[in-house]
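Here's a quick tour of one protein model, with a look at its pockets, a helix and a single residue. Have the structure open as you read.

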Amino acid sequence: MTRPQQPEALLVLQDGTVFKGFALGKIGTAGGEICFNTGMTGYQEIYTDPSYFGQVIVNTTSHIGNYGIQLGAEEESAGVKIRGMVCNFFSPTYSRHLADGSLQQYFEQANIVGIHGIDTRQLVRYIRDKGVMNCIISSVILDPEVLFAELSNVPDMEGLELSSEVSTQATYELGEQDSRFRVAVLDLGVKKSIIQSLADRGAYCKVFPAKTSFADLHAFNPDGFFISNGPGDPAAMPYAVETVKQALDTEKPLFGICLGHQILSLASGIGTYKMHNGHRGLNHPVKNLITGLCEVTSQNHGFAVKGDEVMDHANVEVTHINLNDQTIEGIRRKDKPAFSVQYHPEASPGPHDSRYLFDDFIKLMQ
């Protein structure tokens, strides 16, 4: 059986390396920071995670699109947030009877450009060794030199503030108004499942735009503050750092996840840095130094906090470490009811080992 002819596409990396494949999604051109996710499922949750804003995702599992998409149920935000997608085999059809449509249709409607038919094992090994870099995909510009010139227009992630671009533009609430606890959520690119995890535990959450002043958060009279995940360089977000500093002064419980972890660190005087390669996947081993137990975690970050500065800080202690590279995965303040983790305890997609962290936050508010 002869396969129908597919439009060609090119992937060009920042160092000039070229990969040839076939177009998926919208016919066009798109660029961003290339990174790979090792998760074997949950592609729709990944594509709609605001933390991936500005990035091109390489899926390492062989088949993508084979179970279609579900609107609402498997979306972590209001639409696709990635810049582009790279995979080995892209399925234009799907077999799940509960699906609302194909991934191809979903990408076309979201104007997402992608490429498939690439040896993603080779590509991931290359990125792993060379380090994170920008890339550009096109199914209309098929001259590598012309496409490489276009790549100069793609901004570097380091120094880039993106949270205000993906954050809600207006406040909204989730949970019951008569709940025992009121939580002010600073939305730096929050996932729906994170807010739902708080509401499921009896919290009435009010979600605020990224650049909301502390005065407006405090006016909600919250029992605790939650600082969310999100995209971009934490060092480019002095507005959020100042907000967290003021929240800490209230002595009310504060919980940060991923970017929120980095912002809490910066607010505590601990620096951050760009990683050679970030952590993105569903199987990252983390050790809880308080309990001695290990967790398999879901992660998505390209920046980390400086371990030596954490160790030297009189009022901050390490609570979690990554067992692959010993990077800092969790901290807590000794002098404040505040803690944070670098990974995603809501686990969407991923294992449920770390959901106890939401319970810990609730206990702090009690």
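## The second largest pocket

How much space lies in the second largest pocket? About 270 Å³. A pocket here is an open set of points on a 1 Å grid over the protein atoms alone, where a 1.4 Å probe fits, with protein on both sides within 12 Å along at least five of seven lines; lining residues have an atom within 4 Å of a point. The volume is the space filled by probe spheres set on the points, which are joined across faces, edges and corners.

The model is predicted: local features need pLDDT of at least 70 and side-chain atom pairs count only at pLDDT 80 or more, while totals for chains, interfaces and linings use all residues. Residues are numbered from 1 along each chain as its sequence is written, and side-chain values use heavy atoms, with hydrogens and water left out.

Back to the lining: 15 residues make it up, and Ser77, Ala78, Tyr172, Val190 and Lys192 lie nearest the centre. Strand S10 (172–174) and helix H6 (192–199) each chip in at least two residues. (Helices, H or I and at least four residues, and strands, E and at least two, are DSSP runs numbered from the N terminus.) The class split is seven nonpolar, three polar and five charged residues, where Ala, Val, Leu, Ile, Met, Phe, Trp, Tyr, Cys and Pro count as nonpolar, Asp, Glu, Lys and Arg as charged, and the others, Gly among them, as polar.

## The largest pocket and H11

The largest pocket holds about 360 Å³ of space. Of its 23 lining residues, Ile290, Arg332, Phe339, Leu357 and Asp360 sit nearest the centre. Elements giving two or more residues to this lining include strands S16 (294–305) and S18 (328–333), plus helix H11 (356–365). H11 has the largest share, with five residues. By class, the lining has 11 nonpolar, five polar and seven charged residues.

H11 also has buried residues (under 20% relative accessible area, 1.4 Å probe, protein chains only): Leu357, Phe358, Phe361, Ile362 and Met365. They cover an arc of only 150° around the axis, so they are on the same side of H11; the arc is taken from the directions from the helix axis to the C-beta atoms.

## A look at Gln104

Gln104 belongs to helix H2 (residues 103–110). Buried or exposed? Gln104 counts as buried because its relative accessibility is 18%. Leaving out residues up to four places away in sequence, Gln104 touches Leu24, Gly25 and Phe90 (contact means heavy atoms within 4.5 Å). A polar atom of the Gln104 side chain lies 2.8 Å from the backbone nitrogen of Gly25.

Notes: Buried means under 20% relative accessible area, exposed over 50%, partly exposed in between (1.4 Å probe, protein chains only). A polar contact is a pair of N or O atoms within 3.5 Å; within protein, one must be able to donate a hydrogen and the other to accept it, and residues adjacent in sequence count only if both atoms are side-chain atoms.
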